[in-house]
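Colleague: I'm new to this one and would like to start small. Please pick a single part, take me through it closely, and then show me how the rest fits around it.

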Amino acid sequence: AASDVYKRQPLRVSTRRGALTVSTGRSVTVRIYTMNGFPVESFKLDYGERTVFLPTGIYIVNRQKVWVD
């Protein structure tokens, strides 16, 4: 439901050379895809942050487009 969107802690995504870091304050499933729609990684993050090392490119992380250089 639309109201559920406002209850969720947002997923924060940051990038640095060759890496993408996701962080959250509550349990969330993180899905990373290439721009072509191929799955790269999927994992559950209960709390805190996780860094994924990736080659340069554009990725979709839970519907957010990000650039890894």
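Modeller: Among the contacts in the protein with a separation of 6 or more, 42% are between residues 24 or more positions apart. Keep in mind that this is a predicted model. The protein has 69 residues, and 26% of them are buried. Its secondary structure comes to one helix and seven strands, and the helix comes at the start: from the N terminus on, the order is α-β-β-β-β-β-β-β.

The part I'd pick is the open sheet of three strands, with the order β1-β2-β5 and antiparallel pairing. Its edge strands are β1 (12-16) and β5, each of which pairs on one side only. From one strand to the next, the twist averages 20°.

Let's zoom in on one of the pairings. Strand β2, residues 19-24, is joined to β5 by six bridges, and the two run antiparallel. If you want a spot to find by eye, go to Thr24: its bridge partner in β5 is Gly48.

Now step back along β2 to Ser23, which lies in that strand. Is Ser23 buried or exposed? Ser23 is buried, because its relative accessible area of 15% falls under the 20% cut-off. What does Ser23 touch, not counting residues up to four places away in sequence? The list is Pro10, Leu11, Arg12, Leu45, Gly48 and Glu49. Gly48 turns up again here, as a contact of Ser23 as well as the bridge partner of Thr24. Arg12 belongs to the edge strand β1, which covers 12-16.

Next, follow β5 (residues 48-53) along to Phe53. This residue counts as exposed, because its relative accessibility is 60% and the cut-off is over 50%. Phe53 still has contacts, though: leaving aside neighbours within four places in sequence, it meets Arg16, Gly18 and Ala19. Ala19 is in β2, the strand of residues 19-24, while Arg16 is in β1 (12-16). You can also check a distance here: Phe53 and Thr21 are 32 residues apart along the chain, yet their C-alpha atoms are separated by 8.7 Å.

So much for that sheet; here is the other one. It is an open sheet of four strands with the order β4-β3-β6-β7, and its pairing is antiparallel too. At its edges are β4 (39-45) and β7 (64-68), each pairing on one side only. The twist here averages 25° from one strand to the next. Strand β3, residues 28-34, pairs with β4 over six bridges in the antiparallel sense, and Thr29 has Lys44 in β4 as its bridge partner. Leu45, one of the residues that Ser23 touches, falls within β4 (39-45).

Finally, take a look at the outside. Trp67 lies in strand β7 and is partly exposed, because its relative accessible area of 47% sits between the 20% and 50% cut-offs. Together with Met35 and Ile58, Trp67 makes a nonpolar surface patch of about 300 Å². For the protein as a whole, the exposed area is about 4900 Å², and carbon and sulfur atoms supply 51% of it.

Methods:
Residues are numbered from 1 along each chain as its sequence is written. This is a predicted model: local features need pLDDT of at least 70, side-chain atom pairs count only at pLDDT 80 or more; totals for chains, interfaces and linings use all residues. Side-chain values use heavy atoms; hydrogens and water are left out. Two strands pair if DSSP finds at least two bridges between them. Axes are lines fitted to C-alpha atoms, for helices over the stretch in contact, and angles run from 0 to 180 degrees between N-to-C directions. Patches are made of residues with over 30% relative accessible area and no salt bridge: like charges are joined within 9 Å, nonpolar side chains (Val, Leu, Ile, Met, Phe, Trp, Tyr) within 5 Å. Accessible areas come from the Shrake-Rupley method with a 1.4 Å probe; for residues, only the protein chains shown count as cover. A salt bridge is a side-chain nitrogen of Lys or Arg within 4 Å of a carboxyl oxygen of Asp or Glu. Buried means under 20% relative accessible area, exposed over 50%, partly exposed in between (1.4 Å probe, protein chains only). Contact means heavy atoms within 4.5 Å.
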